[in-house]
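Student: Please take one part of this structure and look at it closely. I would like to know how the pieces of a single chain are arranged and where they touch.

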Amino acid sequence: MKDDVKVIAQTADATQADAGLLGIVGAIMLGAILLFSAGFAQATVMHDSSHDMRHALAFPCH
Amino acid sequence: MLKHILTSAVFAGIVAGIFAAIINLWAVIPMVMEGELYESGDRVHFAADGSPQSDAGSPSILEEPSRHIMPAAFSVVTFTGYAFLMIAGIALAERYGHRLSLRQGLIWGLCGFITFQLAPAMGMPPQLPATPGPEVEPRQLWWLMTVICTAAALGLIAFGRNPMMFVGAGALLLAPHIIGAPRLDTYFGFAAPELAAHFVGSSLAATALTWSVLGLACAWFWLRLTREEA
């Protein structure tokens, strides 16, 4: 019985750790997507509407 | 955890993005608009008629207020993106026992400035309109490589435990600049050099301030949200 509790506790810890790591990886991916669309996407409409900001924030623009 | 990451990154990104939009409208965008006068030929520097000088002075941002809406929105998107990366870094550091404080948030912000603005500016300074550069794809690639190398180097300096890591950090910091950014063989810029120089200085100063605000805002929201539960 004691062992069972230990196993359950360990599993809970591992799941929590994975969820934390998942959140971090998700945040990095979300950040990269936002930055790509705001600073890197070359589609004309994206480029034109973000133009002044790209110059001001020094993204390689055109 | 996921909720805290999302919430603090979005709030910090909005704060820093609005700050960036305001400071850029005041100190940087007018020079972008002035550069465009050279781009369009409305102003000519060193004209063929023998007059080397051109008028100085930026157009007012109030001339065409609607053009500033989308760039302002995109500066919020950009700094929300940066906020997600910073909060991811902060969360990762806390997993390894490096507890955050508000002051450290400022250091995170300044490291972000070094990573995303200062290091790339060494090879590719902020570019005024009317200063043509090489193809955009190789420059984007160099920018990305520089950002990744610099971020890794600063991570090693901040969290490294043995001297070899500092040596590695030094190598990572130097590598992109030894490889070198894509450049043209000739100078093509046709805007006044004084304006281009002023633009670079103002752009870097504005981003330094904005990154400081972002670092403080990320730390403030993160501390508020994660410590509330404890």
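**Chain B: two domains and a helix crossing**

Tutor: The domain assignment divides chain B of this predicted model into domain 1, made of 2-45 + 61-131 + 193-229, and domain 2, covering 134-183. Taken over C-alpha atoms, the centres of domain 1 of chain B and domain 2 of chain B are 20 Å apart. Their contact draws ten residues from domain 1 of chain B and 13 residues from domain 2 of chain B. On the domain 1 side of chain B, the residues touching domain 2 are seven nonpolar, three polar and no charged.

Now the helix pair. Helix α4 (residues 102-123) of chain B and helix α5 (residues 136-159) of chain B have axes that come within 9 Å and cross at roughly 135°. Because of that angle, α4(B) is oblique to α5(B). The crossing of α4(B) past α5(B) is right-handed. From α4(B), the contact is made by B:C111, B:I114, B:T115, B:F116, B:A119, B:P120 and B:G123. Facing them from α5(B) are B:W142, B:W143, B:T146, B:V147, B:T150, B:A151 and B:L154. By class, this contact of α4(B) with α5(B) has ten nonpolar, four polar and no charged residues.

Chain B also touches chain A, in a contact with 37 residues from chain B and 28 residues from chain A. On the chain A side, α1 (2-40) and α2 (44-56) of chain A are the elements that give two or more residues. The most come from α1(A), with 15 residues. The side of chain A that touches chain B has 15 nonpolar, twelve polar and one charged residues.

Technical notes:
Residues numbered from 1 in each chain as written. Chains lettered and ligands numbered in written order. Predicted model: local features only at pLDDT ≥ 70, side-chain atom pairs only at ≥ 80, totals over all residues. Domains from an automatic or database assignment. Contact = placed C-beta atoms within 7 Å. Nonpolar A, V, L, I, M, F, W, Y, C, P; charged D, E, K, R; others polar. Axes fitted to C-alpha atoms, helices over the stretch in contact; angles between N-to-C directions. Helix = DSSP H or I, 4+ residues; strand = E, 2+ residues; numbered from the N terminus. Parallel < 35°, antiparallel > 145°, perpendicular 65-115°, else oblique. Left-handed = near helix turned anticlockwise from the far one by under 90°.
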